[in-house]
Each structure stands twice: as C-alpha cells, then as structure tokens.
Protein chains: 4
Amino acid sequence: MYDIRGLNEECGIFGVWDHERASELTYIALHSLQHRGQEGAGIVCSNNEYLFGARGMGLLTEALTKDQLASLREFPHAIGHVRYATTGGSELSNVQPFLFKNHRGDLALAHNGNLVNAMSIREALEDDGAIFQTSSDTEVLAHLLRKNKSTDRKTRIKSALKQLKGAFAFVILDEDSLTIALDDHGVRPLMLGEIDGSYCVASETCAFTAIGAEYIRDIEPGELITLSEDGIDFDRYTDVEKPNMCSMEYIYFARADSEFRHTSTYTIRKELGRELAKEMPVEADIVIGVPDSSLAAAKGFSEESGIKQEQGLLKNRYVGRTFISPGQEARERAVRMKLSPVRDVVEGKRIIVIDDSIVRGTTSRFIVKALRKAGAKEVHMGVSSPPLKNPCFYGIDVSTHAEIIASQKSNEEIRREIDADSLTYLSVDAMHDVYHSYGSRGQCDACFTGNYPIEIIDQVLPQEKDLKTKGV
Amino acid sequence: MYDIRGLNEECGIFGVWDHERASELTYIALHSLQHRGQEGAGIVCSNNEYLFGARGMGLLTEALTKDQLASLREFPHAIGHVRYATTGGSELSNVQPFLFKNHRGDLALAHNGNLVNAMSIREALEDDGAIFQTSSDTEVLAHLLRKNKSTDRKTRIKSALKQLKGAFAFVILDEDSLTIALDDHGVRPLMLGEIDGSYCVASETCAFTAIGAEYIRDIEPGELITLSEDGIDFDRYTDVEKPNMCSMEYIYFARADSEFRHTSTYTIRKELGRELAKEMPVEADIVIGVPDSSLAAAKGFSEESGIKQEQGLLKNRYVGRTFISPGQEARERAVRMKLSPVRDVVEGKRIIVIDDSIVRGTTSRFIVKALRKAGAKEVHMGVSSPPLKNPCFYGIDVSTHAEIIASQKSNEEIRREIDADSLTYLSVDAMHDVYHSYGSRGQCDACFTGNYPIEIIDQVLPQEKDLKTKGV
Amino acid sequence: MYDIRGLNEECGIFGVWDHERASELTYIALHSLQHRGQEGAGIVCSNNEYLFGARGMGLLTEALTKDQLASLREFPHAIGHVRYATTGGSELSNVQPFLFKNHRGDLALAHNGNLVNAMSIREALEDDGAIFQTSSDTEVLAHLLRKNKSTDRKTRIKSALKQLKGAFAFVILDEDSLTIALDDHGVRPLMLGEIDGSYCVASETCAFTAIGAEYIRDIEPGELITLSEDGIDFDRYTDVEKPNMCSMEYIYFARADSEFRHTSTYTIRKELGRELAKEMPVEADIVIGVPDSSLAAAKGFSEESGIKQEQGLLKNRYVGRTFISPGQEARERAVRMKLSPVRDVVEGKRIIVIDDSIVRGTTSRFIVKALRKAGAKEVHMGVSSPPLKNPCFYGIDVSTHAEIIASQKSNEEIRREIDADSLTYLSVDAMHDVYHSYGSRGQCDACFTGNYPIEIIDQVLPQEKDLKTKGV
Amino acid sequence: MYDIRGLNEECGIFGVWDHERASELTYIALHSLQHRGQEGAGIVCSNNEYLFGARGMGLLTEALTKDQLASLREFPHAIGHVRYATTGGSELSNVQPFLFKNHRGDLALAHNGNLVNAMSIREALEDDGAIFQTSSDTEVLAHLLRKNKSTDRKTRIKSALKQLKGAFAFVILDEDSLTIALDDHGVRPLMLGEIDGSYCVASETCAFTAIGAEYIRDIEPGELITLSEDGIDFDRYTDVEKPNMCSMEYIYFARADSEFRHTSTYTIRKELGRELAKEMPVEADIVIGVPDSSLAAAKGFSEESGIKQEQGLLKNRYVGRTFISPGQEARERAVRMKLSPVRDVVEGKRIIVIDDSIVRGTTSRFIVKALRKAGAKEVHMGVSSPPLKNPCFYGIDVSTHAEIIASQKSNEEIRREIDADSLTYLSVDAMHDVYHSYGSRGQCDACFTGNYPIEIIDQVLPQEKDLKTKGV
C-alpha cells in the first residue's frame, strides 16, 4: 500500500485466559485491531502442557490459514499480535508472538511499544554469550526472563521488566499463566475485559466489542496482572507511575469506537475539533473532514462553529499496490487515486478542511488543489492537533525529521506549500485540556513539543535497528 | 469477501482514443471503478495495426502485473473492464475485454449490463455452427458482428446492436476505431469525457476525476459514437429511445462523487434522505447512517428533520475471507466484524438508523441488536429507497426471490424480524420525484415495482446461465 | 526447464469409456505420458448427461488440484491430455481437452499431432462468421463438426475428418460416446487397450502398464473407433491408408517401455545401436550412452561390437529453472549442470559415445569436452539415427532450420565443431530396415530426408501460428 | 514426493573462499548436491565487513529467487547448504546456513550430520539462560562459540568442537574467515577442492565437477581447516582419529560420479555387485538393476557372473505429489507410477534383480510382482549391501525399527513377503573388503551390525527432536 501518511502504529495485542473458544476469540479480536498493524499476525496458545502457535505475513486473513486455525481450536489460553508494515523488506522471523521452547518450559511473548534501552541490554547479553534471532527489541525480555535464576515466576518477571526502559505493553504466555504488563508511563493503551466469566486483554476496546466481551477498565502504568488457575492477580512490577499515554492514539491511531477511560476517541476527536473551531475563527460555507479519521473532528468543528459539515471528499475503498510509471507526479497521483472531491458539494464554496495531522504535507497539498479544481472559492486547512515536529521513540513509525514538514518549516511556509488560504493547528494546551477533561492522567506530547518523558538511551529509531541485527 | 448484501453491480467499463498514456489512464480509471466489480479486470489496446491486451482474476491491482502494464505502454487506444464477483467459482475466460483474433482483423469488446435475449440468439447461432467459449452474454455481439457480411463497419455494428434486447453499455475496439454504444433504454450509465484533447468514455464520472479528465455529458439511450482518426462521430443505432436508467445506480452502486446529468449521487442521496424524513415523522435524538453508502441519505434526513446526525456506527476497513467456524451465528458474526456501534454516542439515545436498502435483512437485524446492546433506548429504521422485491434481469446480481426479505414479507413482518421500533421505506413516488428534479428522463424501478421496462425474453437470471454454458 | 535439445513432442492423449474409476485412470495414465508434454494437462469427463472437466498449467501434478480430481470422481467416461512446453509464453486457453458447450449438447476434444491445412480451413470458417478462441489447430475440428448439419454423429465426424490434412490422433467425447480417430498416415502413435472389460486408448502403451490395462493393438491409419453403450464399433473415416509413423517416436520420444506392434522401443533402440555398430568400425575401450534415452542404443552397440558398455556419463535428476548469470558460457554451464562424466571410468580410455540424435550440437560439444577433461584418450561420437536436417510439420517442435546443425553443416564440419575424433550417423536405410524387421508398415523420415509424405499446405510451423491467432 | 524408500540423507554443504563468483559457484555446487536434501536451501556470504544471505523452502531452484541471487553477487566468500525433506511439516527456521548477528561480529553455520549429545548440551545451556530458536542440533555449536570468552577464534572453535559428540561436517563463516571441520570419526564425507587458485569444500566431489574445480583430497577425521586472507591453515581440533565413514554413502547416497579417495562410487558399487555375484550363485538369463542407484551394482554383478545385464525396469522421470484416492493399494500404486518393467525384455526370462538396499520391502514386493506379471519365469533378488536392521543416529533419516523389514524378519520371511524365488544379501565382510580395497580407513556399519562407533548419548532420533524444541 502506498503509504502517504508516514505514520504507522507498531502493533496490537490481545490475550484471553481459560475460554473454550480462546483461539477464535483471539482471531476475531486481532481482526478488529488490524488497523494497528498489517505486516504480519500470529497466535500462540497453551493447553496447560505446552505452547503451540502459528504466524504469517500480511493481513490476518492472509497470515493464518484455515488449517492453522483449526489446529489451535482445543487450546483454552491464547495470545495474539498484529504487526505494523515496515517500508522495506519485512520478514516472518519478526512476526509475533515469539515462542521460545525450552526443556524446562515454553514461553511466548507479544509486545506493543518500543524499548529505548534494548540495544544496550542486547549488547551486554551478547557479550555474555546470548544469541539473538530477530531484530526485534521484544526478544530482550525473553533473554532477561531466561537468565534470571529465581524459581518464582513473578519475581523473574518483575526483575526483568524493571530493567526495561521505554514503552511496552506485554502479554506473556507460559503453560499455566498469562501475564499482562504495562510500562510505568503507560505510553501504549492496554485494556482489561471479561467474556463469559473469563478475563481478556486488548490494545483497544474495539476488540471487546468484536468478540462480545465487556470492557472493564484501562490497565494502569506499572501494573502487572497474572491470570492462572488461581484466578486473577493484580500487582505492580514497580512503584513508579508517571502516566504519559501517547497523544497520537487519541488523535489518529485508535479506532473511533475504541474507548479510553470509557470515552470513545470519536467523542474526544469531536471535542478536539470543537477546540480547534474556537482557535480558528474563519468564515466559511462548509466544513469537510478528511475521511475517515478526521470526520469526527470535522463534526465537532461544525457543531461548535455552526458551519455545516458536508462529505466533500471521498475515499476510494480499493487500494493496493498500483503500478503506475513513477516520476514527478507519481506521489500526487497516488493521493488522487485515494481521495476525490464531490464537485457539486464544493463548487463555489468557501471551505474549511479538517485533518487530524499533517506529516509530509503531500496529502494536504493535493486536497487543496483538488478542491480548488472542483470549484472551491477558498480552502482553509484546520488541523485538530498541534504541529507534528519530532520523531517517536516509543513505538510509532513516524518518518525521520527530514520528512516531517513541520520540523523544517514555519506555519506560514507550510501554508504556502500546501497553497491553503489559511492554516491553523490546534494548540498544545487546548489538546491537553481536552484529554484531561476526559480523565487522562497525563499525555506524552513529545512528537509536538520535543519533551520526551522517557530518556532515549540508545538513540536509535526502529527503522535503523534492522540493519544491525537482521539474520537471514 | 463475505457478501452480506447480496447486491452486486456487474461491471464497469472505460475507453480512451488517441492518448499517449492510453493504457495508464485506463488502469487508473478502472481503479476508480473497482466498486463496480472485483472478480477480474482487463485492458485491451490497439496500435492501429493489431490489438493486444492482458486480463486477470481479482482486484485490478492483482489482476494485471507490472510487466503486463509495461507491455501496453506504447499503444494509443485502449478499453478496459472490471468484472463483478460471482458467489461461486469464477474463471478467467469470462473476464473482459474479450479479444477476438481473425485473419481479417481483430476485435475487442467490453460490456456492462445484461442481455435478455442472449440465450435465444446464442442458440440460433449455435444451430448454425457457431461455437461459444464463454458463458457470457457479451460474446453474442461478437458473433453477430462476424456473421454480418456488410463491408461497412458502422452498418455491421448497427445491424448487430438492433438484434440485442436488454441492458448494454458497450465499448468496441478494433484496429482503427473505438465504438461506444448504449441500449435504447439507457439502463446502465455511460459518460463521455475529454482529456488533453482526446475523448474518453466511462461507466461513471469518478473515472474522469481520477485521471484528470473533463466530464462532458451523459451518453443518451440508443446513441452510437465512433472514435477514429476522422475524429468523433455522433450517431444512433436506433430511433427508439425509452429512458429507463437503473434506480439502484443512484441509490447504491455509483460512487458518491460520480455525477448523473451533472449532479453527484451524494446530492441525490441526500435528497432521498430528505424525502424519507418527510415520510417518517419519528421523534429521536440522533440520526445514524450505515457506513459508507448511507451517510449521504442520513445527512439529508438530518438536515430535513433537524435531528442531529452522529457517526454511531463504524465500518472496519479490513475485511477479507475469515475462517470462523460456521454455525448458526456465523453470518451475524461476519456482520459484527464489519460494523460496530460507538457506545457513548448511542447510549441512552432514541435513534433513527438510515440504510439505503434492505436485501436479506441480516445486516439490519444485527444493527438494531448491536445498538440496543450498546444502550440505545429506541431504534427506528429508515430506508432511503422503496422495498426491494424483485430480481433484476438488466445487469445486477440481486439474490433470488426467496432470499429477498421484502418479496416474502410485509413491512410489519420485516420490522419484527429486524426487531426495530419502527420501519419506514421511502415511497416509489417520492423516489421518482427526486430523480426528476435532478433531470432524470426516466428510471427503471422494476426491482421495487415489478414493472420491467424491457421484456424478459429468456427468463434466465445471470447466475443460472453459467451452468448451461460454462466450458472447462 | 532449460531446453538444450530443441526437440519437443507436442502431446499425449488418453481416453477410457465406462469405468468406475475413469478419471483416476486418466490421471495415472497422463502421469505416465508426462514425457510427451509438460506445459499443461487436463481431463474432461462425461456422465451421459453433460461434460465436466478441469485443466491447468504445468506438470500434471501441478495442473490439477486434489479438489478438482475429486469433483470428477463419479463420471464413468473420460479423456485427458498433456501438452508440450513452448519456449515462449504459454497460456491456459490452449491447454486441452477443449470443452465446447452447446445448447444441443457438449463436445470435448483432445489432439496429438499437427494439421497442415488448419490455417486455410480456419480462414474460410472465419470468413463465414466463425470465431476462434485459441491459437490451436485443434479447434478447427470442433468448428467443422458444429457446421455439419447431418443428424448422424458418425457422418458428421467422418465428413469433418476428411477435410483435415496432416497428422492427428483424436479422442472426442460427447455425452454418450467416445470417438477415436487416427489420420490416414498414422503419423502419431495411438494404442488400444482394455481394463476390467472396458476399452481405453492412449498415445503409448506405457499408460496401459501404469493403470494395469492390457495392450490390445496399435490403431491403424484411417481408423475410426466409437465407444458407446452399444459397445465398440470399428470403422474407418477414409479408405486411404499410407502408413507413415514418425521415426522420432521410435528413436527418441516414446518411453523405452512403450511398445509398437508389441515390441518395446527399448528393443528397437538396441537394434538401431547394433546397426550403428556395423556401420561404425571404430576401435575403442568402452561405449557410453548419453542418459537416459540413448542407453538402449549404447547397449545394442556394445553387444554387436563387443566393446564393454559403461555408465561414463551421469544425469542430474534435479533440474528446473536456474538463475545463472547469462553470457557466453551460460548454455554450456546448463549442460554441465545436467551431465557429468565419471572420471575413473573414462580416464585413459578410448571412448565411443552413443547419442540418439544431434539437434544443435551444444550437448555433443560439451560431452566431448567433458570426457576429454576427465582424461579420455579418444572420443568418438555415434548417432543412432540419420542426420536431422529438416523441421517437422506433423507435431514435433524441432527448432527451425537455422538452429539444426546438420541442416547447415557437413558431417566433417559437425565433427570439428563438436571436437570428436570421429562422428558416425546411422544410415537411413539401416534405420528403415530395423523398423521393418519389427513390423512397421511405413515410417516418416522427413526430418532426415526432406521427403514430406503429407503436403504442407499452410507452410507454417507451429511456433509461428501463435502470433497470428492468439487472443488475450 | 511419496517417499517409498524411507532413507534420507540429511544434508549437503559447500563453501568457497575468495572467488569473484563465490555465490554463483555455491549455487551451482548446491544444485549438484540436491540429492542430499530437497527440503530447503540457503547461501550466506561475507564481504569481509558483514554477512548476508538468503534461504528458502524446497528445491534450490525454488528456494532462492533470481533477485536474491543477484543481491549476493558482489560477495567473495560464501557457504551453502541443502537440507533433507522431513516427512511431516518442515519450516524455514530450520533451513541452513544459520546466520547469527551480534554487535561484535556475525557468524554463519552449515552442518551435515547429527550430534548425539546436542540435547544434553542444549539443556545445560538453557539452564544457563540461553534461548534456542530452532529444533536443529546445529544451533548448539553457535551457542558454544558465543559462550567462549577466548579472544582467539581458533581456540574458541577447537574448544567448542571438542564438546560435540556425533557426526558433523561443518562450514563456519565469519567476516574474515571460513572454517571447515570434520568430526573425529569422519562419518560424513567432506572434500577439499581448488578453483582458479581459491579453495573450496563440498560434501561430494560432484560439486567440484559441476563448478569446474579440481578435487584435491578427502578431509580427514578431526581436521580443522581455516581459510582467510592469510591463506589456508591445516590443523586438527583433536588428536583423536577413529575413521568410520558411513557405509551408506558408498552404497546409496553419494552420486555415482562422486569420488572417495579418488574412486567413484560407481566403481565401488560395481565392485559390491561383483562380490554379491560371488556370494549368489543363481542361474538366470538376465540381470536387472533397479534404476538409478543400483545400475552400477547390477553392472558389476553382470560382469562377474557373465549373465547379461538388461534395462528391464524403467523409472518415470516425472514424479511429484499425486492425488490418488488412498486405500489399501495406494502405496503399491505409487511404486507402479515410478517403476515399469519392459515386457519384451523380461518375458519368459529367469531374472536376477539387483537393488542396493531394502528398507520396508514395498518396492521389492512390487518389482517382483510386476516382473512376474510381465512374464518373468523366475525372479531372484540380490541386494548389494547387508540387511539393513538398525536406525542411524549420525545423520540419516532411516525409518524407525518397526518399519525396517530386516529388523523384524528373517531372510526367508522377507523372501516370502516379497515373493522372490530367492533373496541374497551381500555379507558384511565382503562389503568391508571392497571398501578397504579402495583405500577406506574404516567404515561405520551400525545400520547393518548394530555396532555404533559413537556412543548414543541422548538416545533420540532426529525425527523425535522436533516435538520438543520447535518454536512457531
């Protein structure tokens, strides 16, 4: 898929303990989390005796075959993972969950996030003789767990997790337990649910809706939850707790029906749109949201401003790798195949277009041009988040500095480049106000402000790691 | 793809004459027409000496390889086709355009529609020794053209077209001309455009937007247009003209940005929604459109009724064949993986759900149930078209009578089956009023009324034909 | 597969009537005929009501899936076909059997051979309105059968066959009969067998061995045999009979265990080797046959000359398309990956190498070079057939004149080019003597002598036909 | 492929140092070693800075794509591996060479053989925190190398190798050296060659013939050879040397043109056939070898006994997975599709059939039956090796005890089961005499005698290991 945005979530995870349809629920849940990762998918199950699983490349429906799913049917415990699409070559060995076989017991891991000291730990372990097979930072946890000599599982896990810095939501499966852990900043979302009396865990609540589970609550930073035949055990791996949930989850990544602290991102995005309307006093005839992720913000903008919302831009549902001769117009043509204006809606109108973020500016430039060509009299661009300026080290594949337009140019320069009549971003303060009003205990805004809440120890972006650590 | 709707357009066509990027334009145009058919796609080109082409199964991006596209690059004339997905086994031999090689000259055909006397003609031709290779009615035209002994191309084409009954939009390519023909009822849409001084033709105007062409006008019933080195020739193959454009194109099939007589279906659907609001005086807190095709109607309903529209239902963008254990709930589960309610939007609300049509009722039943589970106090169903009761013989794969819920049950029975608090369909008169107000010269409403404007000679539904005529 | 030889059989056919395992027998039989064609394979069956079949590209085991085979299980009558590999692009539409559906009845055809007036007939039929879908000459017969108005099947078939010139072995299946026809020269082999009281027909008797059938007799030139519920009907479509069986079937194509007039080609090839020994009085230490097809001739040579035969050359069983950088040595490298000398067998020896034919000379040149490198003192080349000089128009894909070394060069020139110490071909007379001694009633030797027994009407080689007649 | 024999070699390896076509030579060499493994193949290269490679499932020609090969073109050092086909599910993660990335340097391994203490070492390493990713015993060496703290490479390698028990031929590649090691019993063959002034190493000399290299000598048990920019370094990792080359390499596995101590297995097999003739004084008309591996032994038998050898059995070159309905005759049918008698050669004859080994007896039973059906008067079975009775722990996938016919039954019982007129195996002594006469310094005969030269520490057959150690 021609990725115009340059923003990719790294993963989605799910787990369920003690349910007779464990693998099927996991499959359905992963399907609902597919927007968090399209490179690969996998499921690992336990039957209290050993672990068994399957994984594959591509969308869930391609990654796992009917026969593979059938082979998992009898297992009562399961974890699953969907993985994001890298731009370059990707490989099966990096698809999760990872399953580690050992003569003393099996272990499977699925991870959402990014560790910022994985390289340092890895090098120390390698110097001690450890062999890593993947280029994934997730493997570090497995080694730390195996190196620990404690006979108590929870002690081993706590000790290992304490060594990790960065963003992580983990589900860890062994023969007789499922462990759920969230880093002490709680950068990535992780939700607890219940179905037919069994507990489940997911990156987003939309997975609960898909399988028919109840959404209980958000898992808190630093929590360590263990599911086993002894029931559920709530604990913490650390006393530290510095809530810093990723702002981009609210703004862009999470599905609009997914909830954080029992409010849908649809509602939050509408509110961001409302706030933007207050900060963007432009006169216009209609408001248009860029489909699909910005429709809610446009709705809020419309309600606040009283300017009518219309579907002035449409998204082609059929995408996929097209083979058009490259050249100077190739990128713009790719956007044109994805978005089209509705002429009689926009003709002769003064238009406010709401987008939830601007990464490279390519899409914005095309939208303004297309709307003008379709007859728009004015095109004002409103962005329901602050200017995106910095790369993310906590699990999102933002393009590098050089590609992020707002890290290179001023607002006015961007406005000119995208040829809008005006350009308004939401302020950082207004954004935080919205989050707080919906119960957020603290948000990471590093990509907007450069204030990284977790020290970046290894100074390496996810996409650079591969070169150093990839096997065959 | 698990087809819940049971409504499938049969095809989309495109053609362009004398453009240096003919095959690339065709490729992009077909991409924008992909919603009209996902079973297969093909392109045939002419270089004034011979015809050459490629076709394949699946979505356009799967059907044609990069190498195949490259091999078509130098040809200045092209036609293309996307074909709909049958439920059962499909096959390459039925993917269009058909290319017929002959020692006196080549011929390629692409067809949107369905002929109602194809079997009769075919049997007569077979009795005279003709051999048919496909189960497609389109092949009949090729035989009629070849049988005709006239040395004048246009004479041959007119004579052949006059023998055909039914719905057809044809593009016909030979070495040195591209012929465009629309049946005398004009059941299927066909649009004329212009790009860089060259003419092009497409099933919908969204193809023009995608390639950057100007939309000139709708082709009229009975028209016969020839493009050649002599320029464009406007003619008619028949004096008869009984306009009967398919109503379902307006309601459901055409992309929302596609225009008919220079009005987008988005605007028309909004108007259908407005009319429905007048006929459905229900009190409610919010209006929700079923994404994506019913959002416009919901918008119109909201504007007319003054009831606020919300995105209370979301559609999962990732579908594909899933492998869930079959059983009594399988179908419902499939819908649940496609549509989800936004809880905090619907909770405690009296809701009007707008859908553009009801075929089997499965989706409606799920929607009502899901909204109630999410906390809706009332769920009223409004349908922005009349009750769908009859199969189509003119090019749409409606399920058979037995599967169409409204052909079997009364309004009240349907309401009870889908468990809505009320159910209102748009009246046939109101529907026609909307069409006429936007310049329609006559609409086919046979699927609603049973008044078939073209006599059904062969009494055979498209899906039954295969069994009788399919080769290896 | 990198084809070094440049000699390809065009096809193998099989048919069986009224056997409960008809499709399975056909599958096994085609597997044993795989050496006659590797491009594609297909099976069409009848259940007395309609025909049904499957076909695909590649080797039999790739061409037909397990599900496809299962779907044919209940049909009691079947015909099958394996098709040869063209050098360029091949396509499914040319894979046989061809199945023609018609409202008056179905018809399937499988053909081995090549018609020399197919283009002429085709053009005449096209002028009369017929449409051809394949570039195969086989399709001509279907059209002739359909054009004929006689109500008697056998009359229609006889009349159609009489219009054909060239080499053909046909099996023709309709709902209630299986017809077997061989051209009046009997160029291609066709054998009659019996299994469990049912009749079967095959290109070679090895198919009978594979399925456990009895080999009854060779079908004679001009014969027309019909199998139906009335039993077997022996007839002729013509009174003419000019036996001219292809010599290359004996020399190279047929499997060594296949029999002609109840003598295996193994025995005949041994005899050709014996005759060559008489005509090649070279002193040597060992005789080596080029594996696999020339081992029998080498055996005969050894027995006649008294010189010990050794396996001095080995063939690598694993071939397939390799990706070696092209260049001047690429072709030689390809042979080297296929054939290796056994050093301690050939070192210090005077060697006679027996090959059954020389087409381009590439293989011979490599063999001599490799044997010398392995230490051979002398290398004499004996060919158990006359010099191959002329292309075949009757069903074999010999390379064109320019590529056939013996059509361009004298014996001495060839000897020098392949760097052998001597080069001896079998004489044409000796070859014919061998055939006659084993009951042959006449052999085509056109590729050696240029005496074409059937007039070449269309003057077109099979490989050229495609360009003129290929559809999408 | 339907494996009738139940004997599978585990692997073939190759390496070349400092050659401008290193990866291409490796590709060609692996192609010639394909008979040693068909499950997967891979190549890893070094450019003195880092290692890079590619591997895949299936035959070499399927496993590596053209693009992958091209990406390896510039690397001057390479090792490669072909892997045997397991009966059950196989997986990419077990395909070699294994490539281990590490921040201090890369490492690649390819292995032929089987370690008998791999599980013990693995468990000890796991108890120390190591994580294994494959179910292959080969990975143990990588861990041992990484755990060792010595800064001298050769010291590390010697120390690691000394801990291994069992059969191993290793090629080990790092950035600036290629190490070659053979276990102190020399169970698996390993050969040293030279091409264009560069050294190469291969499992068999046929690889040298294929690439045009000179065969220098057999690598001796316990040798440790290092190639680097300092040239070649000959050393030993141990003083122990107990030559015990696998007898089955001579009898069955190695290609007939491959040489051991400068004698081809063709010559050795002929000699085994000669010895068998001395021990099997049966009167007969012809001798037939089972193609292809037993033709040499039959040749020797014929020369010694004076009984004429004929090609009375033919092998179908086209195999692959066929879809025949299973059932009682399925296995026999599979053999019948592979082997056919030549009727007129065997009819009325007293026949001696020479096979090189009998595993389950299925093939022998079919051969006798088929020859009798084709008219043989008597069928005597001669086996050019002793009765195969015991499983192999050193790298060959012999079926388990229960399946090996000679471990369950007496000679007479086997004769009756295969319905031969007589059955004679070669004696163990005669076999050893042949080997010694050709320079063998000691042969493992455990599969015949049960005298295992290397203690079986883990008591686990290769096929059982997977269950305990396989990841996703």
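Which residue in E10(D) is the bridge partner of D:Gly15? Keep that question in mind; the fourth point below answers it. Please remember while reading that this is a predicted model.

1. **How chain A is divided.** A good place to begin is the domain assignment, which splits chain A into domain 1 (11-244 + 463-469) and domain 2 (267-317 + 328-443). Taken over C-alpha atoms, the centres of these two domains of chain A are 34 Å apart. Where they touch, domain 1 of chain A contributes 13 residues and domain 2 of chain A contributes seven. On the domain 1 side, E6 and E7 of chain A are the elements that give two or more residues, and E6(A) has the largest share, with three. Sorted by class, that side of domain 1 of chain A holds five nonpolar, six polar and two charged residues.

2. **An antiparallel sheet in chain A.** Next, look for the open sheet of six strands in chain A, ordered E5-E6-E7-E8-E12-E13, with antiparallel pairing. Strands E5 (98-100) and E13 (231-236) of chain A each have a single partner strand, so one side of each has no neighbour in the sheet. On average, and ignoring direction, neighbouring strands here are turned by 15° against each other. Further along the order, E8 (residues 177-182) and E12 (residues 223-228) of chain A are joined by five bridges in the antiparallel sense. If you want a spot to zoom in on, try A:Ala181, which stands opposite A:Leu224 in E12(A).

3. **A helix across that sheet.** Helix H5 (residues 139-147) of chain A lies across E5, E6 (107-115) and E7 (166-174) of chain A. Its direction is at about 130° to that of E6(A).

4. **A covered strand in chain D.** Now for the opening question. D:Val201 is the residue in E10(D) that serves as bridge partner of D:Gly15. The bridge belongs to the pairing of strand E1 (residues 11-16) of chain D with E10(D), an antiparallel pair with three bridges. E10(D) also pairs with strand E9 (residues 191-195) of chain D, again antiparallel, over five bridges. In that second pairing, D:Val201 is the bridge partner of D:Leu192. E9(D) and E10(D) make a hairpin with two residues between them, and D:Asp196 in the turn has a positive phi of about 50°. Is E10(D) buried or exposed? Five of the five residues of this strand (residues 198-202) are buried. One side of E10(D) carries D:Ser198, D:Cys200 and D:Ala202, the other D:Tyr199 and D:Val201, and both faces are covered.

5. **A parallel sheet in chain D.** Chain D also has an open sheet of five strands with parallel pairing, in the order E18-E17-E21-E22-E23. Strands E18 (308-309) and E23 (422-425) of chain D are at its edges, each pairing on one side only. E18(D) is joined to strand E17 (residues 286-289) of chain D by two bridges, and within E18(D) the bridge partner of D:Ile286 is D:Lys308. Helix H13 (residues 362-373) of chain D packs on this sheet, touching E21 (350-355) and E22 (378-383) of chain D. The direction of H13 makes about 150° with that of E22(D).

6. **Where chains A and B meet.** Turning to the contacts between chains, 42 residues of chain A and 42 residues of chain B take part in the A-B contact. On the chain A side, helix H1 (residues 22-32) of chain A gives the largest share, four residues. The chain A side divides into 17 nonpolar, 15 polar and 10 charged residues.

7. **Where chains B and C meet.** Here 26 residues of chain B are in contact with 26 residues of chain C. Among the elements of chain B that each supply at least two residues are strands E2 (40-46) and E3 (51-57) and helix H4 (118-127). H5(B) gives the most, with four residues. The chain B side has nine nonpolar, nine polar and eight charged residues.

8. **The relation between B and C.** A turn of 179° with a shift of 0.0 Å along the axis lays chain B on chain C with an RMSD of 0.0 Å. The two copies are therefore related as by a two-fold rotation axis. Within chain B, the C-alpha nearest the axis belongs to B:Ala130, at 3.0 Å. Both copies use the same surface, as 100% of the contact residues of chain B recur in chain C.

Definitions and conventions. Residues numbered from 1 in each chain as written. Chains lettered and ligands numbered in written order. Predicted model: local features only at pLDDT ≥ 70, side-chain atom pairs only at ≥ 80, totals over all residues. Pairing = 2+ DSSP bridges. Axes fitted to C-alpha atoms, helices over the stretch in contact; angles between N-to-C directions. Contact = placed C-beta atoms within 7 Å. Nonpolar A, V, L, I, M, F, W, Y, C, P; charged D, E, K, R; others polar. Domains from an automatic or database assignment. Least-squares fit on C-alpha atoms with pLDDT ≥ 70 in both. Buried ≥ 20, exposed ≤ 12 C-beta atoms within 10 Å, placed from the backbone.
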